[in-house]
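Q: I should like to learn how to read unusual backbone geometry in a model. Please take the general idea and then the cases in this structure.

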Amino acid sequence: CIPGSPHYDKEGDVCGNDGKRGEAYCSYSIGPNVCAYCNSRVIDGANCGESDIVIVDKNACIPGSPHYDKEGDVCGNDGKRGEAYCSYSIGPNVCAYCNSRVIDGANCGESDIVIVDKNACIPGSPH
């Protein structure tokens, strides 16, 4: 990813593994020319790396009677930093939030970033 002339790659442009597992994106928040993808779990509909999952309560969310908490329901720190969500992919009753970076608009933990090419994207390119 090269942000300037002659490529002008934008944040989020596909730069590797196009249309395949591990599709990678220009990710300037990771580095100046980085093409990367995230190997992660999901919290509130967004990727979250294993090392960035913060479990607030292991028993806060009840998917069945009488609570019927849904995936993504707020379950802790409502409206505050670290707002937590029912995250059944993390555990059966887990309330968690994510501390992470962003790749293609989704959270990704530092240890889950997979850099495909440090020099593949050039922002502003007419291609």
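A: Let us begin with exposure, since this is a predicted model in which asparagine 17 has a relative accessibility of 33%. Partly exposed residues fall between the buried limit of under 20% and the exposed limit of over 50%, and therefore asparagine 17 counts as partly exposed.

Q: What is the phi of asparagine 17, and what is the general expectation for this angle?

A: Most residues other than glycine have a negative phi. Asparagine 17 departs from that pattern with a positive phi of about 55°, although it is not a glycine. Its place is the loop between S1 and strand S2 (24-26).

Q: Which loop holds asparagine 77, and what is the value of its phi?

A: Asparagine 77 lies in the loop between S7 and strand S8 (84-86). Its phi is positive, near 50°, in a residue other than glycine.

Q: Is asparagine 77 buried or partly exposed?

A: The relative accessible area of asparagine 77 is 33%, so this residue is partly exposed.

Q: How should one read the peptide bond from serine 5 to proline 6?

A: In general, most peptide bonds are trans. The bond from serine 5 to proline 6 is cis, its omega being near 0°. Proline 6 belongs to the segment before strand S1 (14-16).

Q: What is the geometry of the peptide bond from serine 65 to proline 66, and where is proline 66 found?

A: The bond joining serine 65 to proline 66 is cis, with omega near 0°. Proline 66 sits in the loop between strand S6 (53-57) and strand S7 (74-76).

Note on methods: Residues are numbered from 1 along each chain as its sequence is written. This is a predicted model: local features need pLDDT of at least 70, side-chain atom pairs count only at pLDDT 80 or more; totals for chains, interfaces and linings use all residues. Side-chain values use heavy atoms; hydrogens and water are left out. Helices (H or I, at least four residues) and strands (E, at least two) are DSSP runs, numbered from the N terminus. Buried means under 20% relative accessible area, exposed over 50%, partly exposed in between (1.4 Å probe, protein chains only).
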